[in-house]
Amino acid sequence: MIKAIVGSCWGDEGKGKITDMLAENADIVIRFQGGSNAGHTIINDYGKHALHQMPSGVFNENTVNIIGNGVAFNVPYFIKELNYLKESGIKEPKILISDRVQLLMPYHILFDTLEEARLSDKQFGSTKSGIAPFYSDKYAKMGIQICDLFHEDILMERIKAACEIKNVLLEHLYHHELLDPQKIFDEVMGYKEFVAPYITNTAEYLNKAIKEGKEILLEGQLGALKDPDHGIYPMTTSSSTLAGFGAIGAGIPPHKIEKVYTVVKAYSSAVGGGAFVSEIFGDEAQELRVRGGDAGEFGATTGRPRRMGWFDCVAARYGCMLQGTTDIAFTVVDVLSYLDEIPVCVGYEIDGEVTKEFPVTPLLEKAKPVYKVLPGWKSDIRGITKYEDLPENARNYIEFIEKELGYPITIVSNGPKRNEIIYR
Ligand code: GDP
């Protein structure tokens, strides 16, 4: 069976923990989009780990971890994370890399950095990991597939073609030193020996695995609101964050994705710019941020303080709908235990009218939150493993949100550790 684990909103919902948990019984875990621009924090028997590009199945020695063709593959970062796992005493994970995955090139990071500097106060808050220039090149047919490393003439030709265009921009727009195709060629050829043993036709591998009835997880990055088509464009990421894209970014039949676990966080947080309707500020935000600990304070990749807000039913329902949710994993409920009352955003007021439909970006900028205030439960709920043992007000909070969203909450996460989980 294929299960996708994806985010409902802005990311940082706790997908890493849910994937790590489900990966215990998975034969294969696949990353199908994005790159090293977002992180998963996982706490398990091996300690606490922040992974960026590695699939979250690397802690299980029997799981095969796949870097799918849809990923922006940063080789130096891959080597760094592999070394990190080794140093942490984790048995060398089984990894396969798609022969069609494209390489995140050194100039992608350069262009990301130069462009953010040029935009100055209008910048997108990019992590400067080169993701936007990478996907721009991919769709402009200027990308480099990893298989090109084994066809040197083609590789050189493609690098030269990319440099021709990039050097015009470097000279006239960014006033920066020009790229030397030979230098870039030598640098990427330096990756070849290291990556060669991992490279395979992962689409063939996966389609065979499906026939053999293997348990397969698709691991998404960020959340539905960061999707370039359906999200808060242009404050989105550059590859699709939706479960449906798993079929493309991994090379599997769309109808084989039977379960979509959408990870929904019990309050809101976001890193980076863009409209955030239920955002809170000042002491109220700081308290939630601090109480959130690792889940609240800083983005795993950027270290930037997260923007905080109350739960947003409008955004989360929309996100769950686009993900094609079959199950919701509702996370970080424990963090709300300190509150007397918990506001929940149940609608957006736009130009005097209240809607539950998530609007297009220009209208989103105008939206004001409509809140319903629910009573808090004021007791520590970590350690509880049975749903019935949760305080009544905690259950009411969960069930209220479940009704607003219209999708079943089948997993409740009440702490960062693997075993802090309640199945319903
Ligand atoms: P991802 O990008 O969706 O994988 O999110 P991250 O894993 O980076 O961020 C979520 C953070 O929340 C991590 O630090 C997790 O350890 C933590 N976390 C996950 N689930 C829970 C939970 O139920 N309760 C608490 N307190 N923290 C959680």
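1. The ligand is surrounded by 18 residues, of which Lys-15, Gly-16, His-40, Asp-334 and Ser-413 come nearest; a residue counts as near if one of its heavy atoms lies within 4 Å of the molecule. The model is predicted, with pLDDT of at least 70 needed for local features and 80 or more for side-chain atom pairs, while totals for chains, interfaces and linings use all residues. Residues are numbered from 1 along each chain as its sequence is written, and side-chain values use heavy atoms, leaving out hydrogens and water.

2. A polar side-chain atom of Ser-413 is 2.5 Å from a ligand oxygen atom. Polar backbone atoms also approach ligand oxygen atoms: that of Val-332 at 3.0 Å and that of Gly-415 at 3.1 Å. Of the 580 Å² that the ligand exposes when taken alone, the protein buries 97% (Shrake-Rupley method, 1.4 Å probe).

3. Two or more residues of the shell come from each of H1, strand S3 (40–44) and helix H11 (293–296). H1 gives the most, with three residues. Helices (H or I, at least four residues) and strands (E, at least two) are DSSP runs numbered from the N terminus.

4. Ten strands form an open sheet with mixed pairing, in the order S9-S7-S5-S2-S10-S1-S11-S16-S20-S21. Its edge strands are S9 (199–200) and S21 (421–423), each pairing on one side only; pairing requires at least two DSSP bridges between two strands.

5. Strands S1 (residues 2–7) and S10 (residues 216–223) run parallel and are joined by five bridges. Ala-4 has Leu-218 as its bridge partner in S10.

Methods: Polar contact = N/O pair within 3.5 Å; in protein donor to acceptor, adjacent residues only side chain to side chain.
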